[in-house]
Amino acid sequence: MRKYNFNAGPSILPKETIENTIKAIENFAGTGLGLMEISHRTKEFEAVVDEAASLFKELLNIPAGYSVIFLGGGASLEFCMVPYNLLEKKAAYLNTGTWANKAQKEAKMFGEVVEVASSKEANYSYIPKNYTIPSDADYFHITTNNTIFGTEIHTDMDCPVTLVADMSSDIFSRPVDVSKYGLIYGGAQKNLAPAGVTFIIVKDEILGKVSRPIPTMLDYRTHIKEGSMFNTPPVLPIFAALQTLKWLKSIGGLQEMYKLNKEKAGLLYDEIDRNKLFKGTANVEDRSLMNICFVMNEEYSHLEADFYKFATSKGMVGIKGHRSVGGFRASTYNALPKEDVLALIETMQEFEAAQK
Ligand SMILES: *Cc1c(COP(=O)(O)O)cnc(C)c1O
């Protein structure tokens with residue numbers, strides 16, 4: 001049976017990414033050797049890292065003065081690397097969910113942390129709007145897309161201090177004004193590549209300002225200087241990321257991707273709002289384009305398990321909501337075709353029609 005992959009992460013990748021990576025595992029760049037069996041210092045692999053970094057710059061229109069590096073450790077390691085490298089006295093954090101909390105927790109080990117606002121009291125169903133960022137903070141940290149709660153910051157804000165963003169689950173889903181940010185990071189396994197590589201986009205001039213010693217591996221400057229080759233980088237995920245970047249470019253870049261993402265998410269939210277069985281959980285204006293969370297309306301809550309079973313029988317995969325929200329979550333990442341969203345909508349309509 002055809003499967004529809006709505007997994008939240010790791011998640012669906014473009015078929016070009018999978019096919020090209022399979023080929024390279026067998027025979028990489030005409031070397032006659034497999035991608036996983038060669039030195040990362042071969043000129044063929046160095047070209048992969050260089051091209052991936054330059055496509056990051058091209059697709060996101062990254063201004064001069066920024067570096068792009070690829071590391072291991074996941075977004076979770078960045079939760080501590082960011083304060084290690086940037087927090088001298090005080091940092092500000094916006095609390096919009098589980099990942100934002102985890103980031104904030106690590107920062108507390110390095111200095112004073114001010115939580116400027118939180119939507120915890122409403123189970124993170126909205127993005128707080130009116131808050132004050134202390135002007136003496138070393139940086140302000142946001143999570144642009146809250147993968148678990150299905151909320152998203154849709155604009156690139158003006159920030160009085162260095163803006164740092166975890167974009168793990170919405171990177172490349174829309175054009176970003178990188179010049180508004182000091183540092184952007186994310187794990188690749190939501191919208192870019194298999195797990196194992198983390199991307200960091202950093203404005204060079206914000207580094208080197210803290211007084212603490214930084215272990216070599218945790219110092220961003222090490223990896224900038226060595227072109228992500230200080231130690232063995234995650235070779236296979238970087239190769240796969242390059243394939244996804246090429247695919248993004250081939251479909252017309254981020255303007256085009258954004259248009260498609262708005263269309264896909266719009267179709268599904270419209271159905272959630274129309275269908276009498278379901279309702280969305282996130283504040284309408286903060287609804288994520290990537291992770292669409294919905295639950296049964298109260299009067300139909302007894303049908304939750306039945307809908308899950310029915311959807312599974314139709315080939316829907318990964319639609320169970322995270323335990324902290326319940327209900328359902330359909331992740332509509334870049335690589336998910338519009339037809340798959342339409343198939344889920346049809347499933348919701350069929351299930352509604354059967355409840356006579
Ligand atoms: C998945 C996710 C993380 C965690 O990423 P790891 O690479 O597993 O450490 C952090 N932040 C956000 C927003 C995520 O979606």
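**Notebook: the ligand, its pocket and two odd backbone spots**

I began with Lys190, where a polar side-chain atom lies 2.6 Å from an oxygen atom of the ligand. I should say at once that this is a predicted model, and every value here is computed from it.

Next I looked for other polar partners. Asp166 has an N or O atom in its side chain that is 2.6 Å from a nitrogen atom of the ligand. Ala75 takes part through its backbone instead: an N or O atom there lies 3.0 Å from an oxygen atom of the ligand. I then checked how much of the ligand is covered, and the protein hides 88% of the 390 Å² of accessible area that the ligand has on its own.

**Entry two: the shell**

Which residues come nearest to the ligand? I found Ser76, Thr147, Asp166, Gln189 and Lys190, out of 13 residues around it. I sorted this shell by class and noted 8 polar, 3 nonpolar and 2 charged residues. I also asked which element gives the largest share of the shell. That is helix α3, residues 74-86, with 4 residues.

**Entry three: the largest pocket**

I turned to empty space. Rolling a probe the size of a water molecule over the atoms shows where such space is left. The largest pocket holds about 260 Å³ of space. Its lining counts 20 residues, and Trp99, Thr147, Ser168, Gln189 and Lys190 are the closest to its centre. I was pleased to see that the ligand takes up the space of this largest pocket. Helix α3 turns up again here, giving the most to the lining with 4 residues. By class, I wrote down 11 polar, 6 nonpolar and 3 charged residues for the lining.

**Entry four: the second largest pocket**

I went on to the second largest pocket, with about 220 Å³ of space. Among the residues lining it are Leu94, Ile127, Pro128, Lys129 and Tyr131. I also listed Glu152, Ile153, His154, Thr155 and Met157 in that lining, along with Glu285 and Asp286. The classes here are 6 nonpolar, 4 charged and 2 polar.

**Entry five: backbone**

Last, I looked along the backbone. As a reminder to myself, most residues other than glycine have a negative phi, and most peptide bonds are trans. Where does the model have a cis peptide bond? I found one from Gly9 to Pro10, with omega near -10°. Pro10 belongs to the loop between β1 (4-5) and α1 (15-26).

I then checked Ala29, which is not a glycine yet has a positive phi, near 50°. I placed Ala29 in the loop between α1 and α2 (43-59).

Terms used
Residues numbered from 1 in each chain as written. Predicted model: local features only at pLDDT ≥ 70, side-chain atom pairs only at ≥ 80, totals over all residues. Heavy atoms only, no water. Near = heavy atom within 4 Å. Polar contact = N/O pair within 3.5 Å; in protein donor to acceptor, adjacent residues only side chain to side chain. Areas by Shrake-Rupley, 256 points an atom, 1.4 Å probe, with all protein chains shown as cover. 1 Å grid on protein atoms, 1.4 Å probe; cavity = no way out; pocket = protein on both sides within 12 Å on 5 of 7 lines; lining within 4 Å. Sits in = over half its atoms within 2 Å of the grid points. Helix = DSSP H or I, 4+ residues; strand = E, 2+ residues; numbered from the N terminus. Nonpolar A, V, L, I, M, F, W, Y, C, P; charged D, E, K, R; others polar. Points joined across faces, edges and corners; volume = space filled by probe spheres on them.
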